[in-house]
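Work through the exercises below with the sequence and the 3D view open. Try each task before reading its solution.

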Amino acid sequence: MADEEAVTSRIAPWYDASDKMPGEYPHPLDPTRFITVDAGLQPIERDCPADPNSPNNRMVWDYKLEKCRPYDESKDAHLFQDLAEDD
């Protein structure tokens with residue numbers, strides 16, 4: 001997994017992993033979380049570690065780097081704006 005370890009994880013039965021290979025995937029609703037699909041194709045929701053600079057107080061998942069990284073307002077603010085518009 002990523003350089004930065006996830007702080008919590010839980011089974012995500014709501015996530016359809018039927019067409020996925022084992023690995024890490026972006027969370028469809030929260031940029032500070034990601035989904036790990038294990039070898040049994042079971043989806044596991046994971047939280048990124050703390051980051052006080054982030055709107056959600058956690059690092060963001062970078063799908064290109066496949067790891068959690070610190071929040072960067074110039075690159076990541078739009079991710080949280082999209083979430084606010086969904087409310």
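**Exercise 1: Aromatic pairs**

Task: How many aromatic pairs does the rule for ring centres give?

Solution. This is a predicted model. Rings of Phe, Tyr and Trp pair if their centres lie within 6.5 Å. By this rule the count is three aromatic pairs. One of them is formed by Trp14 and Tyr15. Their centres are 5.9 Å apart, and their planes meet at 85°. Planes over 60 degrees apart count as edge-to-face, and Trp14 with Tyr15 is such a pair.

Task: Is Tyr15 buried or exposed, and why?

Solution. Take the cut-off: buried means under 20% relative accessible area. Tyr15 has 12%, so Tyr15 is buried. Now take its partner. Trp14 has a relative accessible area of 45%, so Trp14 is partly exposed.

Task: Classify the pair of Tyr71 and Phe80.

Solution. Start with the distance: the centres of Tyr71 and Phe80 are 5.6 Å apart. Then take the angle between the planes, 75°. The pair is edge-to-face. Finish with burial: both Tyr71 and Phe80 are buried.

**Exercise 2: A charge over a ring**

Task: Over which ring does the charged end of Lys20 sit?

Solution. Find Lys20 and look for the ring of Tyr25. The charged end of Lys20 sits over that ring, 5.1 Å from its centre.

**Exercise 3: The disulfide**

Task: Which cysteines does the disulfide join?

Solution. The structure holds one disulfide. Cys48 is joined to Cys68, with an S to S distance of 2.1 Å. Next, locate the two ends. Cys48 is in the loop between β4 (43-47) and β5 (60-62). Cys68 belongs to strand β6, residues 67-69. The two cysteines are 20 residues apart, and the pair links distant parts of the chain.

Task: What is the handedness of the link between Cys48 and Cys68?

Solution. Read the angle about the S-S bond: -75°. The link of Cys48 and Cys68 is left-handed. Check burial as well: Cys48 and Cys68 are both buried.

**Exercise 4: Asp47 and its contacts**

Task: Why does Asp47 count as buried?

Solution. First place the residue: Asp47 is found in strand β4. Next, compare with the cut-off of under 20% relative accessible area. Asp47 counts as buried because its relative accessibility is 7%.

Task: Which side chains make polar contacts with the side chain of Asp47?

Solution. Begin with Thr8. Its side chain is joined to that of Asp47 by a polar contact of 2.4 Å. Go on to Arg33. Its side chain makes a polar contact of 2.7 Å with the side chain of Asp47.

Terms used
Residues are numbered from 1 along each chain as its sequence is written. This is a predicted model: local features need pLDDT of at least 70, side-chain atom pairs count only at pLDDT 80 or more; totals for chains, interfaces and linings use all residues. Side-chain values use heavy atoms; hydrogens and water are left out. Rings of Phe, Tyr and Trp (its six-membered ring) pair if their centres lie within 6.5 Å; planes under 30 degrees apart count as stacked, over 60 as edge-to-face and the rest as tilted. Buried means under 20% relative accessible area, exposed over 50%, partly exposed in between (1.4 Å probe, protein chains only). A charge sits over a ring if NZ of Lys or CZ of Arg is within 6 Å of the ring centre and within 35 degrees of the ring normal. A disulfide is a pair of cysteine sulfur atoms within 2.5 Å. Helices (H or I, at least four residues) and strands (E, at least two) are DSSP runs, numbered from the N terminus. A polar contact is a pair of N or O atoms within 3.5 Å; within protein, one must be able to donate a hydrogen and the other to accept it, and residues adjacent in sequence count only if both atoms are side-chain atoms.
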